[in-house]
Amino acid sequence: MAAASSEQASQAPNPQGKRKARNGKRNHRGPQGRPLVPTHAPKACVRPNGSVSPIHAPSPVDHGRPHVRAQTNYRDTGFDGGADMYAALDLGTNNCRLLIAQPTRPGQFRVVDAFSRIVRLGEGLISTGRLSDDAMDRAVEALRVCASKLAGRSIRRMRLIATEACRAAANGEEFLARVTRETGLQLEIISRETEARLAVSGCASLVGREARSVVLFDIGGGSSEIAVIRVGDNRSNRLANHITHWTSLPVGVVTLSERHGGRDVTPEVFAAMVGEVEGLLDAFDCPPVSEIAHEDFHLIGTSGTVTTLAGVHLDLPRYDRRKVDGLWLSDDEVTAMQDKLLAWDFAGRASNACIGPDRADLVLAGCAILEAIRKRWPSRRMRVADRGLREGLLTDMMADDGAWRRTRIRRAQMQGTAERKI
């Protein structure tokens with residue numbers, strides 16, 4: 001298992017990297033370094049009545065069912081009746097997330113609707129190699145909610161993706177065929193390379209203009225993506241174009257906690273988890289830290305792990321994205337929060353408002369992955385990002401579609417009309 005993992009971490013060719021996509025074509029992967037695969041999303045077909053193909057009427061669902069941390073509290077939540085809408089869905093190993101948004105200023109968008117639910121699609125995957133019936137049922141139920149939200153809006157363009165759980169499972173393609181039959185949603189399994197690039201695109205606005213070197217990481221449920229970013233004087237509008245090295249570790253909070261145990265985590269168990277991730281990182285061929293760790297170097301973390309640490313650090317009575325997204329944490333503060341979580345037992349973690357019972361057995365596995373990353377790339381500070389693949393999908397779709405240019409033209413026309421009336 002470890003040997004196979006090391007090969008994946010160093011991006012050596014492997015059978016999984018060459019698996020066929022749902023359209024029957026093989027996914028070609030470039031060498032380690034800046035991703036070579038374009039991330040242009042296919043256009044959705046919009047029917048005259050405003051519905052989007054291939055979305056069909058979903059099965060009835062219980063919209064009153066509570067779900068974990070539904071992220072609807074974006075700063076610019078609202079609706080512009082004249083602006084186009086775009087949708088991004090990310091079905092991961094642990095979560096199912098949806099965003100529907102409209103373009104505003106260049107590089108930015110207004111969130112119209114959002115949905116997030118913990119489904120644990122990858123539960124038991126490392127021991128069986130397959131998605132379990134219960135896990136698939138939970139995911140399909142969440143996807144029905146997403147389908148109902150999409151069917152009720154006129155979406156110009158959308159992209160619906162699945163990541164590590166569906167990549168790794170022997171029945172991943174079979175499950176997605178079931179999703180299409182039961183919800184009408186057609187999800188694509190993206191490569192690890194594309195996942196790393198999307199994570200960077202989603203967090204581009206958190207990289208300050210003064211930054212020259214950044215290591216961005218996304219700790220997922222079944223995999224963890226890491227990108228080394230070098231920004232020179234000629235900064236591209238797309239931050240992903242500045243990725244120099246990237247890797248995808250075949251380990252995430254679900255897989256690591258299942259292997260080592262997530263409920264009762266002793267310092268010895270935690271050290272063993274850190275050691276496993278360090279072994280994977282050893283296979284990542286990347287410039288020495290001395291070449292990138294200077295005054296304007298910092299880490300950016302996008303995952304439930306880092307947002308949880310930020311919420312605990314702020315001692316929030318309930319999780320609040322507005323206070324967490326973009327927060328800076330010093331190296332000492334991150335260490336203090338990790339030590340605090342390690343000192344709590346399972347009940348203590350479950351009772352914390354920013355963790356809850358659904359994440360209490362996963363958060364220390366995430367901290368172990370974070371600790372290994374911090375050892376590899378020591379930094380005085382880390383920026384917290386409550387954003388990720390969905391935001392990257394939306395940003396790329398809007399850029400490819402010329403959405404911000406159309407919005408600017410439309411607003412200029414509206415202003416001209418208003419001035420003529422005056």
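**Cysteines, burial and helix 13**

Reader: How many disulfides does the count come to by this rule?
Author: A disulfide is a pair of cysteine sulfur atoms within 2.5 Å. This is a predicted model, where local features need pLDDT of at least 70, side-chain atom pairs count only at pLDDT 80 or more, and totals for chains, interfaces and linings use all residues. Residues are numbered from 1 along each chain as its sequence is written, and side-chain values use heavy atoms, with hydrogens and water left out. By the disulfide rule, the count is zero.

Reader: Is C354 buried or exposed?
Author: Buried means under 20% relative accessible area, exposed over 50%, and partly exposed in between (1.4 Å probe, protein chains only). C354 has a relative accessible area of 1%. So C354 is buried.

Reader: What share of the 422 residues in the protein is buried?
Author: C286 is one buried residue, with a relative accessible area of 12%. Across the protein, the buried share is 56%.

Reader: What span should helix 13 have?
Author: Helices (H or I, at least four residues) are DSSP runs, numbered from the N terminus. The expected span is 1.5 Å times one less than the number of residues. Helix 13 covers residues 363–376, which is 14 residues. Its end C-alpha atoms are 20 Å apart, which agrees with the expected 20 Å.

Reader: How many residues of helix 13 are buried?
Author: Helix 13 is mostly covered. Among its buried residues are V363, C367, E371 and R374. Of its 14 residues, the buried ones number 12.

How values were computed: Helix = DSSP H or I, 4+ residues; strand = E, 2+ residues; numbered from the N terminus.
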